[in-house]
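Reader: I have a model open on my screen and some labels I would like explained. Could you take me through them?

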Amino acid sequence: QVQLVESGGGLVQPGGSLRLSCAASLSIFRIYDMGWYRQAPGKQRELVAVITSGGSTNYGDSVKGRFTISRDNAKKTVNLQMNSLKPEDTAVYYCNAHKTTRGADYWGQGTQVTVSS
């Protein structure tokens, strides 16, 4: 069974920074597109950032310029550096692995990020 395990969540003050990590058990990690999504209570899950197998990145409008996604294929990890955090960034953050040609879409258990003073 594929496992994606997020870590690094916690409580941070507005304007602060946090770094999330996701470790994946995927046998061929490098072929997957990896992403971070988040969901706040009462809201739909939304895209935060994605990094493709080729290294291209895309960000949600609300985090563009503040968050940076990266991957390390050797370590089978994907990271999300979050800077200038705002209270509206508060949510559960989920790691995702996707490979359309394999019919694969995997999710981690989520990690809580709370931005509050």
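**Strands, charges and core**

Author: Gladly! This is a predicted model, and a good place to start is A23, whose bridge partner in β8 is T77.

Reader: What makes β3 and β8 a pair?

Author: Pairing asks for at least two bridges, and β3 and β8 have six, in the antiparallel sense. They therefore count as paired strands. Both belong to an open sheet of four strands, in the order β1-β3-β8-β7, with antiparallel pairing. The edge strands are β1 (4-7) and β7, since each pairs on one side only.

Reader: Why is the contact between R38 and E46 called a salt bridge?

Author: The cut-off from side-chain nitrogen to carboxyl oxygen is within 4 Å. R38 and E46 meet at 2.8 Å, N to O, so the pair qualifies. D89 and R38 also meet in a salt bridge, at 2.9 Å. D89 lies in the loop between β8 and β9 and R38 in strand β4, so this pair ties together parts that are 51 residues apart in sequence.

Reader: How do you know whether R38, D89 and E46 are buried or exposed?

Author: Buried means under 20% relative accessible area, and exposed means over 50%. R38 has 5%, so it counts as buried. D89 has 0%, so D89 is buried too. E46 has 34%, which lies in between, so E46 is partly exposed. Salt bridges with shared partners join R38, E46, R66 and D89 into one network.

Reader: Which members of the largest nonpolar core touch the most others?

Author: Of its 29 residues, those are M34, W36, L80, M82 and Y93.

Technical notes
Residues are numbered from 1 along each chain as its sequence is written. This is a predicted model: local features need pLDDT of at least 70, side-chain atom pairs count only at pLDDT 80 or more; totals for chains, interfaces and linings use all residues. Side-chain values use heavy atoms; hydrogens and water are left out. A nonpolar core is a set of buried Ala, Val, Leu, Ile, Met, Phe, Trp, Tyr and Cys residues joined through side-chain atoms within 4.5 Å. Buried means under 20% relative accessible area, exposed over 50%, partly exposed in between (1.4 Å probe, protein chains only). Helices (H or I, at least four residues) and strands (E, at least two) are DSSP runs, numbered from the N terminus.
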